[in-house]
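Here is a short report for someone meeting this structure for the first time. Please keep the sequence and the model in view while reading.

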Amino acid sequence: MRGRIEDNQRVTLSPVDPRDVQVDDIVLVRWRGGVLLHLVKRATAEQLLIGNNVGRINGWAPRRDVVGRVVHIHPLTT
């Protein structure tokens, strides 16, 4: 999530009803055997197109695979 969230930057997650996820939300989603933060690029009733902040598209994920939504990005500490 370079550009929005840097490596080792803390975030606060909140539970979310997957039906409420919208384009430009940053979500924690189950993806290929793990969980990752992704930016929602497009959304349909059943799926989310996820990618990163620098143009990469990862693919479509079912809304049911959303674990939580980023509600706060904490400042980097030195």
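## Hairpins and their turns

The hairpin of β4 and β5 has 5 residues between its strands, and G55 takes a positive phi near 105° there. The model is a predicted one. Strand β4 covers residues 47-51 and strand β5 covers residues 57-62. They pair in the antiparallel sense over 5 bridges. I50 stands opposite G59 of β5.

Next comes the hairpin of β2 and β3. Strand β2 runs over residues 26-31, and strand β3 over residues 34-43. The pairing is antiparallel, with 6 bridges. I26 has L39 in β3 as its bridge partner. The hairpin has 2 residues between the strands, and R32 sits in the turn.

β3 is also joined to β4, through a hairpin of 3 residues. These two strands pair in the antiparallel sense over 4 bridges. V40 has I50 in β4 as its bridge partner. L39 is bridged to G51 in β4. L39 thus appears in two pairings: with I26 and with G51. I50 does too, opposite G59 and as partner of V40.

## The whole sheet

In what order do the strands of the open sheet lie? The order is β1-β6-β2-β3-β4-β5, with 6 strands and antiparallel pairing. β1 and β5 stand at the edges with a single partner strand each, so one side of each has no neighbour in the sheet. Neighbouring strands are turned by 45° against each other on average, direction ignored.

## Positive phi outside glycine

Most residues other than glycine have a negative phi. Two residues deserve a look here. N8 has a positive phi near 70° and is not a glycine. N8 lies in the segment before β1, which spans 11-14. With a relative accessible area of 79%, N8 is exposed. R32 is not a glycine either, yet its phi is positive, at about 50°. R32 belongs to the loop between β2 and β3. R32 counts as exposed, at 72% relative accessibility.

## The nonpolar core

In soluble globular proteins, nonpolar side chains tend to be buried together. Which residues make up the largest nonpolar core here? The core has 10 residues: V16, V21, V27, V29, W31, V40, L48, I50, A61 and V66. β2 and β4 each supply at least two of them. The largest share, 3 residues, comes from β2.

V66 is one of the core residues. Leaving out residues up to four places away in sequence, V66 touches V16, P18, V21, V27, L28, V29 and L48.

## Salt bridges

How many salt bridges does a search of the whole structure find? The search finds 3. The table lists each pair.

| Pair | N to O distance |
|---|---|
| R19 and D17 | 2.5 Å |
| R69 and D25 | 3.0 Å |
| R30 and D65 | 3.8 Å |

Take R19 and D17 to begin with. R19 is exposed, at 67% relative accessibility. D17 is partly exposed, at 27%.

Now R69 and D25. Their closest N and O atoms are 3.0 Å apart. R69 lies in strand β6 (residues 66-73) and D25 in the loop between β1 and β2, so the pair ties together parts that are 44 residues apart in sequence. R69 counts as partly exposed, with 24% relative accessibility. Is D25 buried or exposed? D25 counts as buried, because its relative accessibility is 16% and the cut-off for buried is under 20%. The side chains of D25 and R69 are also joined by a polar contact of 3.0 Å. Setting aside neighbours within four places in sequence, D25 is in contact with D20, H38, L39, V40 and R69. Among these contacts, V40 is also a member of the nonpolar core.

R30 and D65 are the remaining pair. Their salt bridge spans 3.8 Å, N to O. R30 lies in strand β2 and D65 in the loop between β5 and β6, so the pair ties together parts that are 35 residues apart in sequence. R30 is partly exposed, with a relative accessible area of 43%. D65 is buried, with a relative accessible area of 19%.

Definitions and conventions
Residues numbered from 1 in each chain as written. Predicted model: local features only at pLDDT ≥ 70, side-chain atom pairs only at ≥ 80, totals over all residues. Heavy atoms only, no water. Pairing = 2+ DSSP bridges. Buried < 20%, exposed > 50% of the residue type's maximum accessible area, 1.4 Å probe, protein only. Axes fitted to C-alpha atoms, helices over the stretch in contact; angles between N-to-C directions. Core = buried A, V, L, I, M, F, W, Y, C linked by side-chain atoms within 4.5 Å. Contact = heavy atoms within 4.5 Å. Polar contact = N/O pair within 3.5 Å; in protein donor to acceptor, adjacent residues only side chain to side chain. Salt bridge = Lys/Arg side-chain N within 4 Å of Asp/Glu carboxyl O.
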